[in-house]
Amino acid sequence: MVNIPVDDYIFQCPIEAQSKLRKIRDYILEVAPDAQERTDYFGIPGYSYEGYDYNGMFAWFSFKKPYIRIHVRPPVIQEHETELSGYKTTKSIVSFPLDKELPEHLIKKLVLASIKVMKEMKEKS
C-alpha cells in the first residue's frame, strides 16, 4: 500500500469526524512520541517501532461511520473487557460513537497495553 500522509487520511474523512480523528492521533502520539506514523500497512493511520513483529505495528485508528475506531493488538481488548463493556468491539478494534466524547484515558491505556504486548512478544521469541 501507498504511505499517504496521515493529515490526508483525516482530510478525506467526513468533516464531523476530523477533529476526533486528530484527537485520537494526538492521544497515541502523547503515549508513544517516538513511534513512526504511517499509513502503508492497512491504508489507515498506524504507529510502529522498529525491531518488533508485525512490522512493529501496535496501534491504528480509522473512521467507519458512525464510529471513530482504535485498533490494537490482541489480547488487549480481551484484557480490558470490563472497561470496554459499553463499546462495540472486535478482537482488535474498539468503536467509539462519533456523537460521544472520546475517552482519552481509556484510549491511552489501550495503546500502552498494545505496546506492552508487542514488547512481551519479542521477549518470548
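Student: What makes E4 and strand E6 a pair?

Tutor: E4 and E6 (residues 93-97) share 5 bridges in the antiparallel sense. Two strands pair if DSSP finds at least two bridges between them, so the 5 bridges here qualify. One partnership to look at is Tyr67 with Pro97 in E6. Keep in mind that this is a predicted model: local features need pLDDT of at least 70 and side-chain atom pairs count only at pLDDT 80 or more, while totals for chains, interfaces and linings use all residues. Residues are numbered from 1 along each chain as its sequence is written, and side-chain values use heavy atoms, leaving out hydrogens and water.

Student: How do you know where a strand such as E4 (residues 67-72) starts and ends?

Tutor: Strands are DSSP runs of E with at least two residues, and helices are runs of H or I with at least four, numbered from the N terminus. E4 covers residues 67-72, a run of 6 residues, so it passes.

Student: Why is E4 called mostly covered?

Tutor: Buried means under 20% relative accessible area, exposed means over 50%, and partly exposed is in between (1.4 Å probe, protein chains only). In E4, 5 of the 6 residues are buried.

Student: What joins E3 to E4?

Tutor: Strand E3 (residues 57-64) runs antiparallel to E4, with 6 bridges between them. Ala59 sits opposite Val72 of E4. The two strands make a hairpin, with 2 residues in between.

Student: Which strands are the edges of the sheet, and what makes them edges?

Tutor: The open sheet has 6 strands in the order E1-E2-E3-E4-E6-E5, with antiparallel pairing. E1 and E5 are the edge strands, since each pairs on one side only. E1 meets E2 over 3 antiparallel bridges, and Glu37 stands opposite Tyr47 in E2. On this sheet packs H4, touching E3, E4 and E6, with its direction at about 140 degrees to that of E3.

Student: Why are H2 and H4 called oblique to each other?

Tutor: Their axes, H2 being residues 15-31, come within 9 Å and cross at roughly 50 degrees. Axes are lines fitted to C-alpha atoms, for helices over the stretch in contact, and angles run from 0 to 180 degrees between N-to-C directions. Under 35 degrees would be roughly parallel, over 145 roughly antiparallel, and 65 to 115 roughly perpendicular, with the rest oblique. The crossing at roughly 50 degrees therefore makes H2 and H4 oblique. Their contact (heavy atoms within 4.5 Å) involves Ile24, Tyr27, Ile28, Glu30 and Val31 of H2, and Glu104, Ile107, Lys108, Val111 and Leu112 of H4.

Student: What makes Lys109 and Glu83 a salt bridge?

Tutor: The rule asks for a side-chain nitrogen of Lys or Arg within 4 Å of a carboxyl oxygen of Asp or Glu. Lys109 and Glu83 are at 2.8 Å, N to O, so they meet the rule. Lys109 belongs to helix H4 (residues 104-124), while Glu83 is in the loop between helix H3 (76-79) and strand E5 (88-89), so this bridge ties together parts 26 residues apart in sequence. Lys109 has 33% relative accessible area, which puts it in the partly exposed class, and Glu83 at 37% is partly exposed too.

Student: Is Arg38 buried or exposed?

Tutor: Buried: its relative accessible area is 11%, which is under 20%. Arg38 forms a salt bridge with Asp40, their closest N and O atoms being 2.8 Å apart. Asp40 has 25% relative accessible area and so is partly exposed.

Student: How far apart in helix H4 are Glu104 and Lys108?

Tutor: They are 4 residues apart, about one turn of the helix. Their side chains meet in a salt bridge at 2.7 Å, N to O. Glu104 is partly exposed at 32%, whereas Lys108 is buried at 17%. Elsewhere, Asp7, Arg25 and Glu37 are joined into one network by salt bridges that share partners. By this rule the count is 9 salt bridges.

Student: Why is Phe42 called partly exposed?

Tutor: Its relative accessible area is 43%, which lies between the 20% and 50% limits. Phe42 is in the loop between strand E1 (36-38) and strand E2 (46-48). Leaving aside neighbours within four places in sequence, Phe42 contacts Met1, Tyr54 and Trp60.
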